[in-house]
Structure formats: C-alpha cells, structure tokens
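Here's a quick tour of a protein model, written for someone just getting started. Take a look at the sequence and the structure, then read on.

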Amino acid sequence: MLWITATLGGCFIAIDWGLRDAPVLWFAALRALVAGGALLLLAAVQRRPSPVGVRAWGRITILGLVNVTLAFGAMFAAAAGLATGTAAVLANAQPLLILLPAWWLYGEKLSTRTTVALVVGFAGLLVVALPGGGGNGAVLSLLAAAAVTGGTLLARRLGDLDVVVATGWHLVIGGVALAGLAGAVQGAPVIAWTPRFLLSLAFLALLGTAATTAAWFTEARRVRMDALTAWTFLTPVFGIVLSFALLDERPRGWTAAGLLVVLLALYLSLRTSPRAAIPAPADGPLPVRSSPGTGHA
C-alpha cells in the first residue's frame, strides 16, 4: 500500500504537468485507454482467461463507467481548478465515504474507535489543504472520491474474473466512454505531444493507473474496506510533499500539524480494525483473511 499511495500521490503532479499540453477530458481518456491497452497486452502474452457471459461483461462495463469515466473526468477537471494538494485531499475522501456502504453491502461492522480515527484523519487532511481553494473544484474532487468509492465496492463483485483482464477491459470501456464525452464537450483533441506530456502520460497510464488499479482491486477482494481505504490518507500526504518539492506550492503553517494528525489517524485506524473474516458477497466466496489490519503491502 505504501508504493500504491506514493504513486497515486505523484499522479496529481503528472496531471498538473500534462494539462499544460492537453484538454482535460482528452487527457483523462488517454490515461485510461493507454493503461487498459497495456494490461490487455500483458493478459494476452500471459494467456489469461477472458470474461465470459453477459453478467461478467455487465459488471466490467458498470465498473468502467463509474471508476473510470466518472472518476477520471471529475478528478482531472478538479485538478485543473484547484491547488494540487487540495485536489489530492478531497479526491481521497474514500475512507469516510465507504463506511456505511461497506457495512450495508458486506456486513463489515466498524468499531467506534476506527470510525473516529477515520473522521479525525480526514479532518487533518482538511487542515492541511483547504487553504488551497474550494468552489466547483472541491465539488468535482468529492464527486471523484465518490466514484472511486463505488469502484472499490464494485471490485468485490468481480467474482472469479481474472483481475488483470477485468482491470484492463474496465479501463478501455471507461476510456472509450470518456473519449466520447470529450469529443462532445471539447471537440477534436488538440494535444501538444511534448516530452513533458509523453512522460506525464506514461507515468499516469502505466504506473499510476495500470499497476496501481490492478493491485488495488486485488486487495479489495481480500481486505476489509475500512482497513484498505484508510491507507488512502497517505495519497494526499505524498501529493502535498511532491507538490511542494516539484511545483513550489508552499504549504501553510498548519501543514505539519495536519500531517501528524493524518499519520496518527492512519495508525489508529489500522490498529483498531476489527479482526474478522470478510463476508462473502452474493456471487460467491472471497478468500478469508484473518488479520486485515496487517500485511497489506
């Protein structure tokens, strides 16, 4: 989870750089299509099994529209209108948004201490980043967080589908829909294929999307949602540190205190996660994991 969150934190830097050379929605669509194509190429080389049946393809399609079309579109638009650190914070509100759905859908009961830790952690993030702005960009960031939360929940419903194949196809399907939306809203793509843009796109697509999404979906199938998503508190921490180092977005005086609160909340939420097996969803059993609070990497 450390490499996943560090890579995702770096994505906000890559988005900021890439948006200097490409329209928002077209950049988001390219990210998804290149990432999905790379995973499907890997799946073909490794001869992984393809999805079979209307039900399997329906799940992948819904996942693609939610986790890619909606999430990427909102995330990129928010990054264009907010300071990088603020966008990184609000787009990672997943630990709070997932609490009730995880309890309702999968019976993952939460202790009071875990819930308080997650709330305190998000409060620490707000202390760190809200001085960077709000408005429509903040709304779009929260919409992206809600869409990613839905994608994490839907990942549990993939059943026994190969994770690389399912991840690749959902990125391609979502990317195609996003490209259609980009064409309708922004017209034909006008992209400056500079070395900066190519480097940003390669990092976003291959590391920040293909690798991290496949790893994230793997963990979502076997780890409690609260224990998994608590790690996303580190994503904006990495994003803020990198934005300071690379973009010279200087944090305010409360940043150090806010980051300490975030790290404390992460520690408490992982220490207090209930040690229970993951309930099986309606479409089949999931691997039982006896200690969800440890061993995520």
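In this predicted model, 90% of the contacts in the protein chain with a separation of 6 or more are between residues 24 or more positions apart. One example of residues distant in sequence is Trp-3 and Thr-235: they are 232 residues apart along the chain, and their C-alpha atoms are separated by 9.9 Å.

**The overall picture**

- What is the secondary structure of the protein chain made of? It comes to 13 helices and zero strands.
- Reading from the N terminus on, you'd write the elements as α-α-α-α-α-α-α-α-α-α-α-α-α.
- The protein chain has 297 residues, and 52% of them count as buried.
- Its accessible surface comes to about 12,600 Å², with 71% of that belonging to carbon and sulfur atoms.

**How α1 sits against α10**

- Two packed helices are described by the angle between their axes and the distance between the axes.
- For helix α1 (residues 2-18) and helix α10 (residues 195-220), the angle is about 150° and the axes are 9 Å apart.
- Angles over 145 degrees count as roughly antiparallel, so that's the label for α1 and α10.
- The crossing in which α1 passes α10 is left-handed.
- On the α1 side, the residues in the contact include Trp-3, Ile-4, Leu-8 and Trp-17, while the α10 side includes Phe-197, Phe-203, Leu-207 and Trp-216.
- Sorted by class, this contact of α1 with α10 has 14 nonpolar, six polar and one charged residues.

**How α2 sits against α10**

- Helix α10 also packs with α2, this time at an angle of about 55° and with the axes 8 Å apart.
- Are α2 and α10 oblique or roughly parallel to each other? Only angles under 35 degrees count as roughly parallel, so α2 and α10 are oblique.
- α2 and α10 make a right-handed crossing.
- Among the residues making the contact are Phe-27, Leu-30, Arg-31 and Val-34 of α2, along with Phe-197, Ser-200, Leu-204 and Gly-208 of α10.
- By class, you get twelve nonpolar, three polar and one charged residues in the contact of α2 with α10.

**Three residues to click on**

- Start with Trp-3, which is found in helix α1. Its relative accessible area is 44%, so Trp-3 is partly exposed.
- If you leave aside its neighbours within four places in sequence, Trp-3 is in contact with Ala-211, Thr-212 and Ala-215. Those three belong to the α10 side of the contact between α1 and α10.
- Next up is Thr-152, which lies in helix α8 (residues 136-155). Is Thr-152 buried or exposed? Its relative accessibility is 1%, so Thr-152 counts as buried.
- Not counting residues up to four places away in sequence, Thr-152 touches Gln-94, Ile-98, Trp-216, Ala-220, Met-225 and Leu-228. One of them, Trp-216, also takes part in the contact of α10 with α1.
- Last comes Arg-47, in the loop between α2 (24-45) and α3 (54-81). With a relative accessible area of 77%, Arg-47 is exposed.
- What is the phi of Arg-47? It's positive, about 55°, although Arg-47 is not a glycine.

Key:
Residues numbered from 1 in each chain as written. Predicted model: local features only at pLDDT ≥ 70, side-chain atom pairs only at ≥ 80, totals over all residues. Heavy atoms only, no water. Helix = DSSP H or I, 4+ residues; strand = E, 2+ residues; numbered from the N terminus. Buried < 20%, exposed > 50% of the residue type's maximum accessible area, 1.4 Å probe, protein only. Contact = heavy atoms within 4.5 Å. Areas by Shrake-Rupley, 256 points an atom, 1.4 Å probe, with all protein chains shown as cover. Axes fitted to C-alpha atoms, helices over the stretch in contact; angles between N-to-C directions. Parallel < 35°, antiparallel > 145°, perpendicular 65-115°, else oblique. Left-handed = near helix turned anticlockwise from the far one by under 90°. Nonpolar A, V, L, I, M, F, W, Y, C, P; charged D, E, K, R; others polar.
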